[in-house]
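This report takes up a helix packing and a set of charged side-chain pairs. The sequence and coordinates come before the discussion.

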Amino acid sequence: MGGDAGPDVVIPGAALSALRHPELRFLLVGDRSRIAPLLERHPKLKERSEILHTEVFVTMDAKPSQALRQGRGKSSMWLAIDAVRTGEAHAAVSAGNTGALMAMARFILKTLPGISRPAIAAMWPTLRSESIVLDVGATIGADASQLVEFAVMGEAMARSLFGLEKPTVGLLNVGVEEIKGAEQVKEAGRILRDSKLPIEYAGFVEGDDIGKGTVDVVVTEGFTGNIALKAAEGTAKQLSTYLKRCLQRTLMSKLGAVLASGAFAALKDRMDPRKHNGGVFLGLNGVVVKSHGGTDALGFATAIDVALETVRNDLVSKIKADVEIMTGLLKQPGHAEAKQPEPSL
């Protein structure tokens with residue numbers, strides 16, 4: 001029921017996903033009076049869907065605490081996540097309020113043992129292929145230990161979804177030199193460098209390294225990660241607008257645009273944010289995927305695809321196993337543990 005368009009996008013998106021994956025079944029949680037008429041337009045989806053009715057839903061501007069209090073046990077968001085907890089569903093996908101979705105997911109599913117805070121991991125198109133960037137909005141101001149947890153979870157996700165044996169991991173920083181950056185970032189780098197964790201740590205990376213694909217996993221805290229994500233989306237739209245204007249300036253430029261139409265179509269397809277939609281909530285006892293609230297049916301179908309791949313690769317179990325290894329190694333004598341910050345006066 002969430003997002004900019006609610007069922008008007010979710011139902012057609014689910015219909016696209018149903019065509020791609022005939023094995024999928026759908027539990028559509030929300031207002032039956034709005035969902036049922038849309039289902040009539042997609043008979044194949046209707047055959048494999050069940051509606052769980054509720055008229056209560058979380059608004060896009062609701063505070064997480066308000067959503068928890070007012071929607072507990074009865075909102076569409078709560079019931080969708082709870083279906084994952086009970087095993088009725090393998091994953092929950094929502095385009096709704098991000099803060100409320102994370103708050104409910106943490107409350108209902110709980111975090112995995114050894115994980116202090118969950119993270120939102122996004123797929124990022126790069127010059128090489130794709131990278132995973134986390135956190136892009138769940139944990140604001142993560143400390144060194146939490147950044148190390150993000151590195152472990154992101155590395156497990158890259159192995160699972162990209163099929164890489166040893167993905168490379170980098171910490172996002174203002175420079176690649178060891179002396180630069182915030183103290184928690186430098187401390188996290190020291191832990192990853194000096195500990196015996198089975199992670200291919202590549203050191204610090206800068207903002208332009210994300211698009212280059214310098215590493216397979218880019219680790220940062222949620223405030224910086226969210227700004228980087230929104231800045232990249234805005235830059236892509238800006239360049240697209242500039243290009244259109246330039247190609248329409250003269251008769252020759254218009255002719256050139258016609259001749260290069262194939263290349264421009266390929267570029268548009270590669271940079272299409274709808275084909276990279278879906279942030280995975282890592283660190284929870286279950287799979288929850290957040291779709292961009294302003295996406296269309298194709299974008300929502302992509303988010304469902306991300307959820308499907310996450311379930312197929314049993315990512316939750318793999319993260320749990322990796323965190324157990326990390327916890328054991330960091331408890332060994334002489335391990336590189338995070339230093340507690342000096343009290344401020």
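## Salt bridges and a helix crossing

Glu177 is partly exposed, with a relative accessibility of 37%, in what is a predicted model. Its salt-bridge partner is Lys180, with the closest N and O atoms 3.4 Å apart, and Lys180 likewise counts as partly exposed, at 37% relative accessibility. The count of salt bridges in the model comes to 15, and three of these pairs, including the one just described, are set out below.

| Pair | N to O distance | Relative accessibility |
|---|---|---|
| Lys180 and Glu177 | 3.4 Å | Lys180 37%, Glu177 37% |
| Arg193 and Asp194 | 3.4 Å | Arg193 43%, Asp194 43% |
| Arg159 and Glu155 | 3.1 Å | Arg159 26%, Glu155 5% |

Salt bridges that share partners also join Glu23, Glu309 and Arg312 into one network. In the pair of Arg159 and Glu155, Arg159 is partly exposed, whereas Glu155 is buried; because these residues lie four apart in helix H7 (residues 144-162), about one helical turn separates them.

Turning to helix packing, H1 (residues 7-20) and H13 (residues 297-312) pack at an angle of about 55°, with their axes 7 Å apart, which means that H1 is oblique to H13. The crossing of H1 and H13 is right-handed. From H1, the residues Val9, Val10, Pro12, Gly13, Ala14, Leu16, Ser17 and Arg20 meet Ala297, Leu298, Phe300, Ala301, Thr302, Ile304 and Asp305 of H13, and by class this contact has ten nonpolar, three polar and two charged residues.

Methods:
Residues are numbered from 1 along each chain as its sequence is written. This is a predicted model: local features need pLDDT of at least 70, side-chain atom pairs count only at pLDDT 80 or more; totals for chains, interfaces and linings use all residues. Side-chain values use heavy atoms; hydrogens and water are left out. Axes are lines fitted to C-alpha atoms, for helices over the stretch in contact, and angles run from 0 to 180 degrees between N-to-C directions. Helices (H or I, at least four residues) and strands (E, at least two) are DSSP runs, numbered from the N terminus. Angles under 35 degrees count as roughly parallel, over 145 as roughly antiparallel, 65 to 115 as roughly perpendicular and the rest as oblique. A crossing is left-handed if the near helix is turned anticlockwise from the far one by less than a right angle, and right-handed if clockwise. Contact means heavy atoms within 4.5 Å. Ala, Val, Leu, Ile, Met, Phe, Trp, Tyr, Cys and Pro count as nonpolar, Asp, Glu, Lys and Arg as charged, and the others, Gly among them, as polar. A salt bridge is a side-chain nitrogen of Lys or Arg within 4 Å of a carboxyl oxygen of Asp or Glu. Buried means under 20% relative accessible area, exposed over 50%, partly exposed in between (1.4 Å probe, protein chains only).
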